[in-house]
Amino acid sequence: MNKLHIKKNDTVIVLAGEDKGKTGKVLKVLVEKQRAIVEGVNMVSKNMKPSAKYPQGGIIKQEAPIHVSNLSLIDPKSGKATRIAIKRTEDGKKVRIAKKSGEEIK
């Protein structure tokens, strides 16, 4: 399975689809399916039966996974979409760097 350019807690922007232009924080990455769940993006309605967690039940809104090809990381300097490069530091660690500004993505 290939590695993805997006990790948990990254801030991303949606490039395509119904939520194009929205930004949010990545809550979960599903590597096998190449999808990510982004906060406030791709909201769907789900019917819930009454349970201990939801005593009322009813319809709730929650985020659905979105394909990573429709997401791009946000440049920490400019706040716009950017691609990433992976570089090694002197001590041998891999670091993600924004292509547009050259800033390190944390």
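Where does Asn 9 lie? Keep that one in mind; Exercise 1 picks it up.

A word on the ground rules. This is a predicted model, with residues numbered from 1 along each chain as its sequence is written; local features need pLDDT of at least 70, side-chain atom pairs count only at pLDDT 80 or more, and totals for chains, interfaces and linings use all residues. Side-chain values use heavy atoms, with hydrogens and water left out.

**Exercise 1. Place Asn 9 and Gln 34, and say what their phi values are.**

Step 1. Asn 9 sits in the segment before strand 1. Strands here are DSSP runs of E with at least two residues, helices are runs of H or I with at least four, and both are numbered from the N terminus.

Step 2. Its phi is near 75 degrees, which is positive although the residue is not glycine.

Step 3. Asn 9 is partly exposed at 48% relative accessibility. The scale goes like this: buried is under 20% relative accessible area, exposed is over 50%, and partly exposed is in between (1.4 Å probe, protein chains only).

Step 4. Now Gln 34, which belongs to the loop between strand 2 (23-30) and strand 3. Its phi, near 55 degrees, is another positive value in a residue other than glycine. With 27% relative accessibility, Gln 34 is partly exposed.

**Exercise 2. Work out the strand order of the six-stranded sheet and find its edges.**

Step 1. Two strands pair if DSSP finds at least two bridges between them.

Step 2. Reading across, the order is 6-3-2-1-7-8, the sheet is open, and the pairing is antiparallel.

Step 3. Strand 6 (66-67) and strand 8 are the edge strands, each pairing on one side only.

Step 4. Zoom in on one end: strand 3 (residues 35-38) meets strand 6 over two bridges, in the antiparallel sense. There, Arg 35 has His 67 of strand 6 as its bridge partner.

**Exercise 3. Do likewise for the sheet of three strands.**

Step 1. This open sheet has the order 9-10-11, with antiparallel pairing. Strand 9 and strand 11 (104-105) are at the edges with a single partner strand each, so one side of each has no neighbour in the sheet.

Step 2. Strand 9 (residues 84-88) and strand 10 (residues 94-98) pair over five bridges. Look for Ile 86, which stands opposite Arg 96 in strand 10.

Step 3. The hairpin of strand 9 and strand 10 has five residues between the strands, and Gly 92 in this hairpin takes a positive phi near 90 degrees.

Step 4. On to the next pair: strand 10 and strand 11 run antiparallel and are joined by two bridges. Ile 97 faces Glu 104 in strand 11.

**Exercise 4. How many salt bridges are there, and which residues form them?**

Step 1. The rule asks for a side-chain nitrogen of Lys or Arg within 4 Å of a carboxyl oxygen of Asp or Glu. The count is two salt bridges.

Step 2. One joins Arg 96 to Asp 10, with the closest N and O atoms 2.9 Å apart. Arg 96 is in strand 10 and Asp 10 in the segment before strand 1 (11-14), so the pair ties together parts 86 residues apart in sequence.

Step 3. Check the burial. Arg 96 is buried at 11% relative accessible area, and Asp 10 is buried at 4%.

Step 4. Asp 19 and Lys 22 make a salt bridge too, at 3.2 Å from N to O. Here Asp 19 is buried at 12%, while Lys 22 is partly exposed at 40%.

**Exercise 5. Compare where Asp 75 and Ser 101 lie, and give a C-alpha separation for each.**

Step 1. Asp 75 is in the loop between strand 7 (71-74) and strand 8, and it is buried at 2% relative accessibility.

Step 2. Its C-alpha atom is 6.1 Å from that of Ala 98, which is 23 residues apart from it along the chain.

Step 3. Ser 101 is in the loop between strand 10 and strand 11, and it is partly exposed at 28%.

Step 4. Ser 101 and Lys 22 are 79 residues apart along the chain, and their C-alpha atoms are separated by 21 Å.
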